[in-house]
Structure formats: C-alpha cells, structure tokens
Amino acid sequence: MAVPDVESGAGRGLDDPLASPWPSSPGPSAAPLPLLPSGRTPSFEVVPTVAPPSAIAVETLGPLDPDGAGPLAGAAGLGGDPWRGIPRAEVLALLPELPTLTPSPAVKELQRRLLLSRGSPAAAPGEPEPARRFGALRVEKLAAMGDPRGAADLAALLPEAMTADEAAARALTDAELLAGPLDCAAATERAKPFAGPYWQRVELFCRLRAGRIGGGASMEGGSGPAGDDIAFDMLREQPGGDPDFLRVAEAMAGGPAVRLRSLKDPSPLTLAALRTLQAGLPPDVLSLTDPARLAAVASNNGTDPATRVTAAERAATALFLDSRRLAEAYRAAPAKGDELLRLKDAVARDRTARTRALVQQAMLAAIALSVMPIRRSRGAAV
C-alpha cells in the first residue's frame with residue numbers, strides 16, 4: 001500500500017477528496033551558489049570608502065557685541081542678523097543719514113524693524129572704538145522717527161550704551177515728552193549719569209506734575225508763589241535756558257495762568273507742560289515743521305479746533321499721528337446747528353480746517369450708521 005504524499009497528493013485515488021485535480025509542476029530551480037577558491041571563507045564585514053577631510057579653517061571669534069541686542073528676533077525682525085557682512089564703520093556713518101520722514105508706511109515699518117532687530121555689524125581687526133556706539137545711534141534714530149516706545153524698549157536692553165551717550169538719552173526723553181505722558185521714574189534713572197540745565201528742567205517738570213513744588217500746589221489747582229523755589233532760581237540764572245518752559249512751569253506751580261500770544265519754536269518740554277495744563281496754543285505754532293511737535297500740538301485739548309486739526313493733518317501725513325488720534329482732533333470741531341445737513345454747501349464755499357473736520361465727522365457718522373444694522377442682526381442671531 002502506497003503512503004500518500006500530503007504535499008503533492010501522489011498516491012491518492014480519484015475519489016480522494018484531498019487529491020489535486022491539476023498535475024503537479026516543479027517549482028523554480030535555485031541558482032547555483034558561486035564557488036569560492038579553496039582555502040577562503042566568505043567575509044561579512046563592510047568597509048566604507050571615506051573621502052579624505054578637507055582643510056579646516058581656524059578663525060578667532062571676537063568678543064560679543066553688547067550693542068547687538070534688540071527686542072525683535074528672527075521673523076519678527078529682519079532675520080537672524082541683518083547687519084552681517086557690512087563693516088561697522090560703514091554702518092555707523094550711514095545710520096544717522098537714515099531718513100526719518102517718509103510717505104510710505106511700509107518703508108517706515110521696515111526701518112523700525114531693522115533698528116529693533118538683533119545683531120550688529122562686525123568691526124574690522126584693530127578698528128578703534130567709535131565715538132558713538134551702534135546701540136545709542138539706533139535708539140536716537142527710533143526716537144527721531146516718532147517711536148518712543150520702541151526706542152525705550154531698545155534702550156532697556158542697552159544700559160551701557162545709554163549711560164555713555166547723552167544725545168541718545170535726550171532724544172528718547174524728548175520723544176516721550178512729545179508723545180506723552182513722560183515716565184518720570186524712567187527719565188530720572190536715565191538722567192543719573194548726566195548733569196546740566198536740560199535734566200534739571202525735566203526733574204522740575206516731574207516734580208510739578210506730581211504736585212511736589214510751589215507751596216503745595218497740585219495739578220488740580222492751588223496757589224503759592226513759585227519764585228521762592230530754589231529750582232526756579234537756579235534755572236533763571238543759567239544762560240541759554242528755556243524761558244517759555246519756565247513761564248508754563250510757574251503756572252503749573254500755582255502762578256499766573258499762561259496766555260501765550262506767540263509760540264514759534266517751543267521745546268518738547270514746553271509742549272508737554274502746556275498739554276498738562278491744557279493751555280491753548282497760539283496759531284503761529286503751525287509754523288513748526290517738525291511732525292513730532294505738530295503731533296503734540298494736535299493732542300492738546302486746550303488748543304483751538306482749527307489749529308489742532310491743521311496740526312493733526314500735517315502730523316498724520318508724515319506718519320507721526322495714527323488714525324485714532326487724528327479722529328480725536330477732528331471731533332474737537334463740533335458742528336453747530338444743522339451744519340452737517342448743509343455740509344455740501346459749506347464744502348463748496350470754503351475748504352478750511354473746520355470744514356474738513358465736519359466732513360470727516362459726517363463720514364464717520366455714516367459709517368457708524370451703516371454698521372449698526374449688521375451689529376443688531378448679529379446680536380439677534382446670537
């Protein structure tokens with residue numbers, strides 16, 4: 001009896017259910033193994049082929065530049081180091097020439113991001129230390145561009161540069177005075193390495209604003225002679241002072257009210273003091289060409305509407321005043337009676353600052369009315 005082959009089915013009958021109905025076919029034959037020479041065994045070790053190393057350049061790294069700090073890094077700024085590859089002497093010569101006035105918001109934003117980005121240009125071997133440091137020049141330029149907040153953020157990262165550069169410290173303080181309100185604690189700390197009439201006037205302004213001078217006078221009112229205060233006496237005796245500021249300072253200390261008939265070249269400190277008192281500015285202040293000071297005029301609530309609107313428009317055109325503060329200046333010229341209904345006739349008749357303010361108010365009112373139904377429908381849907 002034949003033993004059945006389970007794999008091939010050989011030996012099974014036709015009636016065997018496990019028998020395959022198809023004839024078996026031989027499988028693929030394996031390729032013969034190559035024969036090795038006698039006396040040798042196969043090796044399974046892999047020996048990689050490595051290219052010879054190239055020449056290695058050795059370069060001594062210079063000291064870290066403390067002026068390379070910045071509040072913006074990476075994509076928030078202009079890359080890892082936007083100054084790489086530019087000699088430091090060239091950058092220091094060109095940085096003061098960077099324009100502060102530009103009609104393009106995109107260009108101004110790029111300038112701001114460049115100055116706030118981390119990184120600094122490399123000094124040439126043996127190059128002497130410059131008269132003014134890279135970090136201080138950046139702070140000064142940001143302040144001149146009307147960005148006191150950015151300048152202050154950068155200055156906080158560069159304490160060594162700021163303590164050695166009075167021009168940068170003054171530029172930052174002036175920018176904060178014009179934008180308002182001045183951070184007196186920061187300004188007092190900033191003034192410690194320096195001395196002179198300017199910083200004494202800043203200290204006096206801070207004391208007056210806090211009500212710590214003039215026989216107990218405060219910002220809300222009060223009385224008391226300011227002439228007996230030693231700070232006033234010292235500032236009066238110094239040549240080349242700021243007489244306009246001293247007049248306003250005496251009013252802040254409880255002296256006579258300020259009534260200015262002319263103010264053609266006010267200092268940032270004078271404008272800040274007048275804004276604190278909400279004292280009106282005369283129309284000839286519009287002879288100013290500095291947009292930062294024009295923006296300070298526009299933010300003084302005591303100034304007549306025509307002067308305030310004109311100053312605001314000029315400052316906004318130079319990108320030193322945002323749309324919110326411009327709208328505030330426009331609202332300072334309220335309509336009388338049915339002027340808004342007769343606005344078409346008024347525009348045809350004259351194009352004064354007050355008429356432009358009324359046009360803007362009418363446009364803002366129309367926008368508000370068109371938005372109200374949308375807000376109501378959204379509220380009903382909720």
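A helix here is a DSSP run of H or I at least four residues long, and helices are numbered from the N terminus. That naming places Gln278 in the loop between helix H11 (268-277) and H12. The model on screen is predicted.

**The whole chain**

Show the protein chain as a cartoon: its secondary structure comes to 16 helices and zero strands. Of its 382 residues, 36% are buried. Take the contacts between residues at least 6 apart in sequence: 62% of them join residues at least 24 apart. Switch to a surface view, and the exposed area is about 23,600 Å², with carbon and sulfur atoms supplying 59% of it.

**Stop 1: helix H3**

Select 134-144, which is helix H3. Nine of its 11 residues are buried, so H3 is largely enclosed by the rest of the structure. The buried residues include Phe134, Leu137, Val139 and Leu142, and also the charged residues Arg138 and Lys141. What do the buried residues of H3 pack against? They pack against helix H1 (88-94), H2, H4, helix H5 (159-163) and H6. Move on to Gly146, which follows H3 and has a positive phi, near 85°.

**Stop 2: helix H4 and Ala155**

Next select Ala155, in helix H4. Its relative accessibility is 12%, so Ala155 counts as buried, the limit being under 20%. Leaving out residues up to four places away in sequence, Ala155 touches Val139, Met162 and Leu172. Now add Arg190 to the selection. Ala155 and Arg190 are 35 residues apart in sequence, but their C-alpha atoms are 9.7 Å apart in space.

**Stop 3: helix H6 and the bend of the backbone after it**

Keep Arg190 selected and add Glu176, which is in helix H6. Is Glu176 buried or exposed? Glu176 is buried, with a relative accessible area of 11%. Neighbours within four places in sequence aside, Glu176 is in contact with Pro148, Ala152, Pro181, Leu182 and Arg190.

From that list, pick Pro181, in the loop between H6 and helix H7 (184-190). The peptide bond from Gly180 to Pro181 is cis, with omega near -15°. Most peptide bonds are trans.

**Stop 4: the largest pocket**

Which residues lie nearest the centre of the largest pocket? They are Gly146, Asp147, Pro148, Arg149 and Ala179, and the whole lining has 35 residues. The space in this pocket is about 930 Å³. H6 gives the most to the lining, with six residues. Other helices that each supply at least two residues include H2 (105-116), H12 (291-298) and H14 (323-330). Colour the lining by residue type, and it divides into 19 nonpolar, two polar and 14 charged.

**Stop 5: the largest nonpolar core**

Select Val139, Leu182, Leu204, Phe205, Phe245, Leu274 and Leu321: these have the most contacts inside the largest nonpolar core, which has 84 residues. Centre the view on Leu321. Not counting residues up to four places away in sequence, Leu321 touches Ala295, Ala298, Ala312, Ala315, Ala316 and Leu326.

**Stop 6: two loop residues**

Select Leu319, in the loop between helix H13 (305-317) and H14. Its phi is near 65°, a positive value in a residue other than glycine. Leu319 is partly exposed, with a relative accessible area of 27%. Finish at Gln278, in the loop named at the start. Gln278 is not a glycine, yet its phi is positive, about 55°. Most residues other than glycine have a negative phi.

Note on methods:
Residues are numbered from 1 along each chain as its sequence is written. This is a predicted model: local features need pLDDT of at least 70, side-chain atom pairs count only at pLDDT 80 or more; totals for chains, interfaces and linings use all residues. Side-chain values use heavy atoms; hydrogens and water are left out. On a 1 Å grid over the protein atoms alone, a cavity is a set of points where a 1.4 Å probe fits but cannot get out, and a pocket is an open set with protein on both sides within 12 Å along at least five of seven lines; lining residues have an atom within 4 Å of a point. Grid points are joined across faces, edges and corners, and a volume is the space filled by probe spheres set on the points. A nonpolar core is a set of buried Ala, Val, Leu, Ile, Met, Phe, Trp, Tyr and Cys residues joined through side-chain atoms within 4.5 Å. Buried means under 20% relative accessible area, exposed over 50%, partly exposed in between (1.4 Å probe, protein chains only). Contact means heavy atoms within 4.5 Å. Accessible areas come from the Shrake-Rupley method with a 1.4 Å probe; for residues, only the protein chains shown count as cover.
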